[in-house]
Amino acid sequence: MQTLSYPDSAGKRMDFAFLAILTLLSLFIYYPVFYTDYLYTDEATQVWLTDKDVNLTSVIQGRYITYIIFKTIFGFIHSTAGVRHARIISLAGWVLCLPIWYFMLKRLLAKNGLPVIIAGLCCGYLICMPPFIISIGWAACLEMFVACTAGLVAGFAWHVGMEFVERNRARTAIWIMGSVVAAMISLFTYQNGFGCFFIAPFIQLIGRKRLTKEFCRSILWALFLYIIYYCLFKLSLYEMSMTASARTQLAQNPLQKIIFLFTKPLAASFHFTFLLPEKSVAGIIVYLSAALLLVFGMLYRLRRQSNMKNLGYMCGIIVVFISAYIPSLIANENYPSNRTLLALNLLVFLLLSATIFDYIKSEGVRYSFTVVLMTIFTINAWYNFRYEFVFPLSREYSIVKKEVLHQFRSATDSILYVRPAEASFENKYGIIRSWDEFGVPSTAKIWVPDPLLRQIIFEATGNKERAVRLVIESFESEKALFESGKQKSERTILISVASAE
């Protein structure tokens, strides 16, 4: 086994220079969070009900740490502008965690004989991928930096602990306990973040290019951690006298969920930083082409290895993909939203990077490739965040606020709101709609207009009781409003985003 050679002072300077570049790139991509006002879906509820627990009951089940995080942060936020601070906390959290990611990835790669430059490339990809964008731009997902980093630490701690198992059992026990603690932090924050645990055993797998006892032990350990979490989750429900919500129901058809993994989440992971419509033919072509090229590229490099070893290696890759996405596979719903894909995206990118660098032997070419790819990813992420996410949402919020303030009078006691169609951003701005995160108007969701309008009235008048007393009804279309018989009057205002511009 290759021993880790620690970098000299010049290497350390390069490491910190690269981390400084990553920080600057993060600020370049996400600087709109410092000045842009908008409330995206659940954010409106979280701000309006900031002094109550109502907005937090959905995360208390199985995500108690997220509950504490939200209760603490939103306890200090009472305005739309204040939500910027929540987004800035997420950005700052990720920036502070980047050194952890970089140095852990670098150590794992060096230990397993893989080019350490992949660590920098993966960190560059991390800050540009759609799940990262969502964790910054949508304050309802600000906990992701905690969950994903804790998941990575859990896998790393187990990996390091196993290095001492023959020489120092006490150190092994300490590292294993660290793995348990980090895993529970990850799972009780955001279950899909625990998928980052599998980065460590996956690097070991692609470094050895065959199944090993160490890899199998890592997978079994991760499954054991899942079981511990599930038992603690059930215990927490009992202690809080709560019944499990519908979202925690287990899937009944495992085969259907495996098909779902390879047709939806894994397909999205092969789109890298590029956003494509959910039912895009081009997206399917890109996925199949990239996946096939990757498989053939790996098999060609392994042609001198026995078929049994190659089969075991390919099965190991599949096992990692399944294990990393288990929280979404055991759940009853099939919804591969971007926010669930961070770990899976990184695993796919790690495999692709290692395969490409297996063909590229020149260090100069590797560095050039890394710079070119990071430039493409950065530009694409800057565009995605600014024009596919922030701009349409801030525009929508501005229109709604303007209409409310223009029409609202002291006698107003009710508001009729016509919700925009989910495809209205696509039609109006020509942007791409991706699940419920990119390209979807905030007020298209039925639960959003009520808290959003009350919050706007409260901020304008300073009178929360006045906002509470309002009667607010929303309708999915102008036709639905007409059929209801409701209409605008001296005491009732009518707002329709679609016809406001």
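Analyst: Contact here means heavy atoms within 4.5 Å. The model is a predicted one.

User: Which residues does T443 contact, leaving aside its neighbours within four places in sequence?

Analyst: T443 contacts E396, Y417, R419, P420, V448, P449, L452 and V497. T443 itself sits in the loop between α19 (424-429) and α20 (449-461).

User: What makes T443 count as buried or exposed?

Analyst: Buried means under 20% relative accessible area. T443 has 1% relative accessibility, so it counts as buried.

User: How do you know that T443 and E396 make a polar contact through their side chains?

Analyst: A polar contact needs a pair of N or O atoms within 3.5 Å, one able to donate a hydrogen and the other to accept it. The side chains of T443 and E396 make such a contact at 2.5 Å.

User: Why are helices α6 and α18 called roughly parallel?

Analyst: Angles under 35 degrees count as roughly parallel. Helix α6 (residues 117-126) and helix α18 (residues 363-407) pack at about 5°, with axes 10 Å apart. That angle makes α6 roughly parallel to α18.

User: Which residues make the contact between α6 and α18?

Analyst: From α6 come I117, G120, L121, G124 and Y125. From α18 come R366, Y367, F369, T370, L373, M374 and F377.

User: How do the residues of the contact of α6 with α18 divide by type?

Analyst: Eight are nonpolar, three polar and one charged. Gly counts as polar and Tyr as nonpolar in this scheme.

User: What makes α6 largely enclosed by the rest of the structure?

Analyst: In α6, 10 of the 10 residues are buried, so the helix is largely enclosed by the rest of the structure. Among the buried residues are I118, A119, C122 and L126.

User: How do you know that C123 has no bond to the sulfur of C122?

Analyst: A disulfide needs two cysteine sulfur atoms within 2.5 Å. The closest cysteine sulfur to that of C123 belongs to C122, at 7.1 Å, so it is too far for a bond. C123 counts as buried, at 1% relative accessibility.

User: What about C315, and how far is its nearest cysteine sulfur?

Analyst: The nearest cysteine sulfur is that of C216, 11 Å away, and C315 is in no disulfide. The search of the whole structure finds zero disulfides.

User: Why is C315 called partly exposed?

Analyst: Partly exposed lies between the buried limit of 20% and the exposed limit of 50%. C315 has a relative accessible area of 38%, so it is partly exposed.

User: What makes E483 count as buried or exposed?

Analyst: Exposed means over 50%. E483 reaches 57% relative accessibility, so it counts as exposed. E483 lies in helix α22 (residues 478-484).

User: Where is Y325, and what does it touch?

Analyst: Y325 is in the loop between α15 (307-324) and α16 (326-330). Not counting neighbours within four places in sequence, its contacts include N192, F260, L261, P265 and Y335. The Y325 side chain also makes a polar contact with that of T340, at 2.8 Å.

User: Why does Y325 count as buried or exposed?

Analyst: The limit for buried is under 20%. Y325 has a relative accessible area of 1%, so it is buried.

User: How far apart are T80 and L39, in sequence and in space?

Analyst: They are 41 residues apart in sequence and 6.6 Å apart in space, C-alpha to C-alpha. T80 also touches D37, Y38, Y397, Q455 and E459, besides L39. Its place is the loop between α4 (64-74) and α5 (83-111). T80 is buried, with a relative accessible area of 1%.

User: What is notable about phi in T41 and F272?

Analyst: Most residues other than glycine have a negative phi. Phi of T41 is near 40°, a positive value in a residue other than glycine. F272 has a positive phi of about 55°, and it is not a glycine either.

User: Why do T41 and F272 count as buried or exposed?

Analyst: Under 20% means buried. T41 has a relative accessible area of 3%, so it is buried. F272 has 15%, so it is buried. T41 is in the loop between α1 (9-30) and α2 (42-48), and F272 in the loop between α13 (265-269) and α14 (281-301).

How values were computed. Residues are numbered from 1 along each chain as its sequence is written. This is a predicted model: local features need pLDDT of at least 70, side-chain atom pairs count only at pLDDT 80 or more; totals for chains, interfaces and linings use all residues. Side-chain values use heavy atoms; hydrogens and water are left out. Helices (H or I, at least four residues) and strands (E, at least two) are DSSP runs, numbered from the N terminus. Buried means under 20% relative accessible area, exposed over 50%, partly exposed in between (1.4 Å probe, protein chains only). Axes are lines fitted to C-alpha atoms, for helices over the stretch in contact, and angles run from 0 to 180 degrees between N-to-C directions. Angles under 35 degrees count as roughly parallel, over 145 as roughly antiparallel, 65 to 115 as roughly perpendicular and the rest as oblique.
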